[in-house]
Each structure stands twice: as structure tokens, then as C-alpha cells.
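Colleague: Thanks for making time to go through this one with me. Could you take my questions one at a time?

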Amino acid sequence: MDPEQLDEFVMGYLKKKGFNGAAKQLQEALHNNNNNNGTGSSSSFNSTDYHNDPELTKLIRSFSQSENDPTRYRNGYSNLRSWAYNSLDLYKHELLRVMYPVFIHCYMDLVGKGHTQEARAFFNSFRKDHEMIHLRDLQKLEGVLVPSHLEEMEFARSLRQSKVNIKICQYSYDLLLQYLHRTESTLMLGIINEHINFQVYSGQPNSSSDDIDAVTIVGSFQETADHVNQKEIQWGLLEDSLEDRLEKTGSLLTDSEKGQGESKDGDVDDSNKKRSTEIGKQGSSLKKLKKDKAGNATAKVARQETSTVSPAPRVKSELALPVMSTDVEESILEDLRNRVQLSSVAMPSVSFYTFVNTHNGLNCASISHDGSLVAGGFSDSSIKVWDMAKIGQAGSGTLQGESDTNDQVAGPNGRRNYTLLLGHSGPVYSATFSPPGDFLLSSSADTTIRLWSTQLNANLVCYKGHNYPVWDVQFSPFGHYFASCSHDRTARIWSMDRVQPLRIMAGHLSDVDCVQWHPNCNYIATGSSDKTVRLWDVQTGECVRIFIGHRSMVLSLAMSPDGRYMASGDEDGTIMMWDLSTARCITPLMGHNSCVWSLSYSGEGSLLASGSADCTVKLWDVTSSTKLTKAEEKNGNSNRLRSLRTFPTKSTPVHALRFSRRNLLFAAGALSKPTS
């Protein structure tokens with residue numbers, strides 16, 4: 001090996017491993033040595049001895065050969081893993097945060113160097129350590145088998161280009177560095193130095209569940225998110241909306257006026273007679289219940305809480321919104337006037353619709369805005385719609401799904417007590433009612449979206465555009481427009497009168513699992529399996545916010561009525577509440593122990609309801625979460641969203657939730673056999 005080649009090799013090795021200081025000193029020493037040799041003076045750094053020392057050359061060559069030794073990765077990771085698991089319990093959970101990024105980068109380095117068999121053996125040996133939290137990421141990495149996959153797969157490429165931010169206390173950080181230097185684990189030290197940023201804080205380590213930001217991704221993707229989040233958005237309510245009219249006129253009815261209004265609901269329209277009467281009774285009984293429970297004190301607290309929230313700004317719509325019919329407008333205004341004010345001391349009543357005999361075939365459920373219609377989407381490609389007024393007349397209180405006998409699904413006249421809608425050729429994954437309840441949208445694994453008339457009980461339009469299964473579809477708050485999302489990693493904006501999408505939103509790195517409209521219809525939010533939530537401008541199709549913080553796929557979204565906040569629920573049972581203007585998480589919400597399938601804000605925005613696969617409905621106090629005291633702001637304590645009440649079901653995972661306009665909470669789910 002020539003002296004110049006040896007110098008270059010040593011210099012490159014030091015820089016590759018992150019020893020920039022040593023590389024700089026070596027470069028200065030070589031420079032000084034060359035100068036000294038030119039002037040004839042002696043030097044302690046003898047270039048000739050250095051280059052011709054056979055032992056040193058042999059040592060450097062052994063390092064060069066060991067660079068390609070795949071067993072170094074297994075041995076280095078195994079030793080680091082054993083040390084972390086044998087550490088004191090006080091520091092163990094912080095030290096274990098390092099293991100997952102080291103694991104995935106060891107695997108990708110082995111694949112990148114062509115050691116496919118060794119990489120698979122390494123992956124299978126240690127994957128169980130990380131399956132509980134990172135199962136879906138591991139399933140994606142399983143497909144990385146050859147070096148070309150590292151560049152072709154967006155997920156793998158983003159991991160290699162980004163760094164992981166890990167919060168760790170000073171003592172845990174010192175313990176890790178001492179171990180790496182003591183054991184001369186240069187390979188592990190190099191991976192940690194290249195792919196992990198440590199945020200070191202003083203004091204005792206936090207518990208593993210206290211800080212949702214303990215492990216976050218930074219790098220090129222984080223820089224992109226920070227750049228996107230600088231864009232200005234208009235999160236306020238629409239000018240001249242129905243809520244705006246009520247606020248300007250102050251037309252809140254007294255108790256006697258509410259009773260008169262409810263008694264006149266049936267005179268508006270024959271087709272709405274049963275529904276209006278039904279909801280009038282529900283609103284009346286709910287109002288009396290609140291009065292019995294809390295009296296005048298409750299009303300005072302509710303008024304105080306609503307008055308402390310600053311009014312939302314008013315914005316103009318970027319979409320040409322449909323004209324609302326007079327009958328529908330009067331019905332909505334009547335509901336808004338009779339809305340029950342909820343708070344932490346004035347809780348809502350919950351009406352739960354249970355599907356029975358579904359044989360695990362129910363994929364989704366949807367409830368109309370007034371609770372009068374309930375729809376279920378099934379694995380056999382069918383959709384079934386129940387009219388609650390008819391079920392009440394028939395005396396049945398349950399919703400029959402798939403059944404082996406016709407007698408169980410028949411009403412007293414021998415006819416089905418539900419409407420069967422057939423048209424899809426694959427499992428139905430989502431259904432949503434239009435605001436007036438006259439239309440129903442459904443999406444399916446057959447890649448299509450279908451529009452149904454609840455009055456004609458017929459399919460009107462089939463929308464084709466997605467290339468893969470469509471996971472979710474949602475009507476806009478004013479109807480006519482709707483949004484869909486799919487396995488093809490896109491979301492699309494549609495209108496009822498066009499069979500082609502108006503906008504295509506592309507940017508997520510994995511499936512887009514859920515979609516939700518902003519109250520002013522100028523934005524939609526999407527939740528994805530890439531663990532992010534994005535906010536899109538409907539007019540331009542651009543992404544204007546990226547919300548990073550979830551540790552698993554995002555399954556549900558909800559917007560606050562004033563458009564200021566957004567809630568998102570994930571597969572692990574975590575709910576995060578976001579400020580749309582800053583794209584920051586106000587507070588993580590822990591309580592569910594399984595997937596959060598549905599979220600809904602109450603009409604005035606003071607309560608958040610969540611429905612989960614753990615068979616519970618939870619109510620959370622939103623108002624207190626946004627009011628931080630000076631002491632809490634100083635201490636940085638943001639975990640203030642508190643659970644007010646939990647409604648357990650017997651054995652019914654909660655598929656759907658909706659607050660009616662009068663603040664009655666509806667929920668739906670399929671009865672399942674309890675696991676032994």
C-alpha cells in the first residue's frame with residue numbers, strides 16, 4: 001500500500017466513523033510533517049516509520065476487511081441489547097429507545113452491502129423486541145431484500161435520509177457513551193452518531209408514557225414539514241353560515257319557546273314529520289334530564305365556559321357551495337336553537353345502536369345527523385339502512401345484520417325491517433350520510449364510490465378514479481362535495497354531479513386511511529398509515545400542514561366546530577389534539593387500549609367523544625385542555641385533557657360516533673363474542 005493511499009484510507013475511515021476531530025489532527029500532523037521534512041528538521045511524527053511499519057499496516061488492513069464482516073452487526077447489536085436490558089429500571093426505558101433505530105439501520109446496512117441471508121437472519125432474530133410498537137414498519141421493511149430496494153422504496157429511503165430525535169436524561173446519555181467507549185463498539189457508535197440526535201435534559205428520567213415526543217423523526221422529512229407548516233391558513237367559520245346568523249340575532253329560545261318549537265316540528269314537511277317529532281322528543285327529554293341533574297348552576301357553568309372562548313374569525317368559501325332548501329334550513333336552525341349546552345358538569349345522553357347477528361361481517365357504520373337513519377357496510381358487499389322511526393313502530397330495539405334465517409330479519413308484516421342496497425362487488429369499508437340525510441355515499445374494495453338515494457332506495461352514480469380499495473369517504477358539511485381516500489396513497493375531492501375527481505391530493509408515503517372536512521369546507525384532513533396527518537387546501541390541492549407525532553397508523557379524525565382544533569386517533573389507542581394554526585400537538589390523550597375508530601366533537605366544542613375497539617365510549621373535557629395556567633405553561637405540562645366519563649359496552653366495539661345538532665350522542669357497533 002502506497003503512503004498516500006494509506007493516508008487517504010485512514011482519513012476516510014476517521015471521517016466515516018464521525019471522528020472529525022481526530023481526522024483534523026491527523027491532517028495537521030501530516031501537513032506539519034511534510035513541512036518539517038522539506039526544511040530538514042526532525043519530527044516526532046516520522047512519516048517513513050509510519051508508512052513502513054508492518055504491524056500498523058496489518059492492523060489497518062484488518063479494520064478494512066472487518067468493514068464487510070456481517071457478524072459484526074449481530075454481535076454489536078446483541079451486546080448493546082443485553083447491556084440495555086440489564087440496566088437499572090430507572091434508566092432502562094430511556095436506553096431501550098435507542099434499540100429500534102439501531103436495529104433497522106443495522107438491517108438496512110446489511111442489505112445495502114449485499115449480505116441478504118445474514119440480514120434476514122438478523123431481522124428474524126430480533127424483530128420480536130419491536131413488534132408491539134412498530135409492527136407495521138417491520139412488515140414494510142421485510143420487503144427490503146436487495147440493495148436496489150433501499151432506493152426504490154420510499155419508506156426505506158426516508159428512514160435512511162432522516163434522523164431520529166430521542167429525549168434522554170444526562171445520566172442515561174453518559175451511561176450509553178461510557179458503554180460504547182469501554183467496549184470499543186465502533187460500529188454501533190457510528191450508526192448512533194449518523195442516525196440519532198439526542199436531546200439531553202437534566203434531572204431524573206421521565207416515565208415512558210409521560211412524553212409523547214420522546215422519539216420523533218427529524219431530517220429531510222422534518223424539514224419539509226417545517227417548511228409546509230409555515231404556510232398561512234384560514235381556519236375560521238364561513239361568513240353568513242347558519243351558526244353565524246344565530247350568533248348575530250341571538251335567537252336562543254327560552255324553555256317554553258323550545259317546547260312550542262318542538263310541538264310544531266311536524267308541520268314543516270310530511271316527509272320529515274316522523275324524524276322531527278322523534279328528535280323533538282329526544283331533545284326535550286335530554287333538556288329535562290339536564291335540568292334535573294344540575295339545575296341553574298349547570299347553565300351558569302356552561303355559559304361561563306362558552307363565553308371564555310374567543311369567537312372564531314369569519315372566512316369566505318373557496319368552493320361554490322350548494323343552495324340549501326328552505327325546509328332543510330328551517331330544520332337545522334330549529335335544531336341549533338334547541339341545542340343543549342354541554343360542559344364538564346352537563347354530560348350528554350348516549351343512544352347506542354347495536355348490530356346483532358353480523359357474524360363478524362360489519363366493516364363500517366354511519367349515523368345520520370339527526371340519528372334517524374343508521375347504515376352498515378358489510379363484507380359481502382351489501383349495505384343495509386335502518387329507519388329508526390319504523391323500528392320504533394315495530395317494537396324492535398336491535399339492528400339485525402347477516403342472519404341464517406329470514407324470520408330474524410323480518411318485521412311484523414313479514415318484510416325486512418331494513419333497506420338492502422346492492423351494487424358493490426367487494427367489501428364495503430365506509431358509508432356516510434349527506435347532512436339532510438337524503439343521500440348515502442359508500443366506498444368499497446372494488447375501488448369505486450357509490451351514491452345512493454335514501455328516498456328512492458336506489459343507486460344513482462358510481463364514481464371511478466381510485467386504483468385500489470377506497471378506505472373512507474366523507475360528505476362535506478354542506479353536502480354536494482365529498483372526499484375519499486384509498487390504498488393508492490391519495491385523497492380525492494369529488495362533486496355529486498361529476499364522475500371524475502376535482503382534485504387529487506398526493507403526498508402520503510402509505511395508505512390514506514381516513515379523511516375529514518374542515519367546517520368551512522376550504523380544507524380536508526387525511527390520516528395515513530405513515531403515522532402522519534396532513535391538511536390540504538381544497539382549491540389548490542396543496543398540502544398546507546403536516547402533523548407528526550403518532551406512533552402508529554391514524555384511523556380517525558374530527559374537527560372542532562369552530563375549526564380551530566383537530567383530533568386524531570390511532571391504532572394504539574392514542575388520541576392527539578392539534579392546533580391547526582401552529583401544527584403543534586396541544587395534548588396527547590391516553591385512555592383507550594385499542595384502535596380508536598371514531599371521534600366526534602359536541603356542538604359547541606366543549607366535549608370530545610371517542611369510540612374504540614376496546615368496547616368503550618369515552619368523553620373528554622376539551623375546554624380545560626386549551627386553558628393553561630401560568631404555572632403549567634412554565635413547567636411545560638400540556639397533558640391536561642381529562643377523561644370525564646367512560647361508557648362501557650357489554651362486548652361491542654364502537655364503529656361510529658356522532659353528536660346530533662341538539663347534542664345527543666349517537667354511537668353504533670356490532671355485538672361480538674367476548675374472548676375467553
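Colleague: How many residues does helix H18 have, and what distance does H18 reach from its first C-alpha to its last?

Modeller: Happy to start there, and please keep in mind that this is a predicted model. Helix H18 covers residues 326-337, which makes twelve residues. At 1.5 Å a residue the expected reach is 16 Å, and the helix comes close to that, with a first-to-last C-alpha distance of 16 Å.

Colleague: Which residues of H18 are buried?

Modeller: The cut-off here is a relative accessible area under 20%. In H18, the residues that pass it are Ile332, Leu333, Glu334, Asp335 and Leu336.

Colleague: Stepping back, what share of the residues in the protein is buried?

Modeller: The protein comes to 21 helices and 33 strands. Among its contacts with a separation of 6 or more, 59% are between residues 24 or more positions apart. Of the 676 residues, the buried share is 50%.

Colleague: Which residues touch the most other members of the largest nonpolar core, and which helix gives the most to this core?

Modeller: As background, nonpolar side chains in soluble globular proteins tend to be buried together. The largest nonpolar core here has 42 residues, and those touching the most other members are Val102, Tyr107, Leu141 and Met188. The helix that gives the most to this core, with ten residues, is H7 (residues 99-112).

Colleague: Leaving aside neighbours within four places in sequence, which residues is Leu141 in contact with?

Modeller: Leu141 is one of the core residues that touch the most other members. Once its neighbours within four places in sequence are set aside, its contacts are Ile104, Tyr107, Met108, Phe123, Phe155 and Leu159.

Colleague: And how many residues are in the other core that lies apart from it?

Modeller: That other core includes Leu319, Ile493, Met505 and Cys543. It lies apart from the largest one, and its residue count is 18.

Colleague: Which strands stand at the edges of the sheet with the order E16-E17-E18-E19?

Modeller: This is an open sheet of four strands with antiparallel pairing, and its twist averages 20° from one strand to the next. An edge strand has a single partner strand, so one side of it is left without a neighbour in the sheet. Here that applies to E16 (470-475) and E19 (503-506).

Colleague: Which residue in E19 is the bridge partner of Thr490?

Modeller: Strand E18 takes in residues 490-495, and it pairs with E19 in the antiparallel sense over four bridges. In E19, the partner of Thr490 is Ala506.

Colleague: Which residue in E9 is the bridge partner of Gly376?

Modeller: That pair belongs to another open sheet of four strands, with the order E7-E8-E9-E11 and antiparallel pairing. Its edge strands, E7 (362-367) and E11 (419-421), each pair on one side only. Inside the sheet, E8 (residues 373-378) and E9 (residues 383-387) run antiparallel and are joined by five bridges. The partner of Gly376 in E9 is Lys384.

Colleague: Which residues point one way from E26, and which the other way?

Modeller: In a regular strand, side chains alternate between the two faces of the sheet. Strand E26 (residues 575-579) is mostly covered, with five of its five residues buried. One way point Ile575, Met577 and Asp579, and the other way point Met576 and Trp578.

Colleague: Which residue takes a positive phi in the hairpin of E25 and E26, and which in the hairpin of E26 and E27?

Modeller: E25 (residues 565-570) pairs with E26 over five antiparallel bridges, and Met566 stands opposite Trp578. E26 is also joined by five bridges to E27 (residues 584-589), running antiparallel, with Asp579 opposite Arg584. Each hairpin has four residues between the strands. The positive phi values belong to Gly573, near 95°, in the hairpin of E25 and E26, and to Ala583, near 65°, in that of E26 and E27.

Colleague: Last one: how many disulfides does a search of the whole structure find?

Modeller: A disulfide needs two cysteine sulfur atoms within 2.5 Å. For Cys485, the nearest cysteine sulfur is that of Cys514, 6.4 Å away, and Cys485 is in no disulfide. Cys485 is buried with a relative accessible area of 0%, and Cys514 is buried at 3%. Over the whole structure, the number of disulfides found is zero.

How values were computed:
Residues are numbered from 1 along each chain as its sequence is written. This is a predicted model: local features need pLDDT of at least 70, side-chain atom pairs count only at pLDDT 80 or more; totals for chains, interfaces and linings use all residues. Side-chain values use heavy atoms; hydrogens and water are left out. Buried means under 20% relative accessible area, exposed over 50%, partly exposed in between (1.4 Å probe, protein chains only). Two strands pair if DSSP finds at least two bridges between them. Helices (H or I, at least four residues) and strands (E, at least two) are DSSP runs, numbered from the N terminus. Axes are lines fitted to C-alpha atoms, for helices over the stretch in contact, and angles run from 0 to 180 degrees between N-to-C directions. The expected span of a helix is 1.5 Å times one less than its number of residues. A nonpolar core is a set of buried Ala, Val, Leu, Ile, Met, Phe, Trp, Tyr and Cys residues joined through side-chain atoms within 4.5 Å. Contact means heavy atoms within 4.5 Å.
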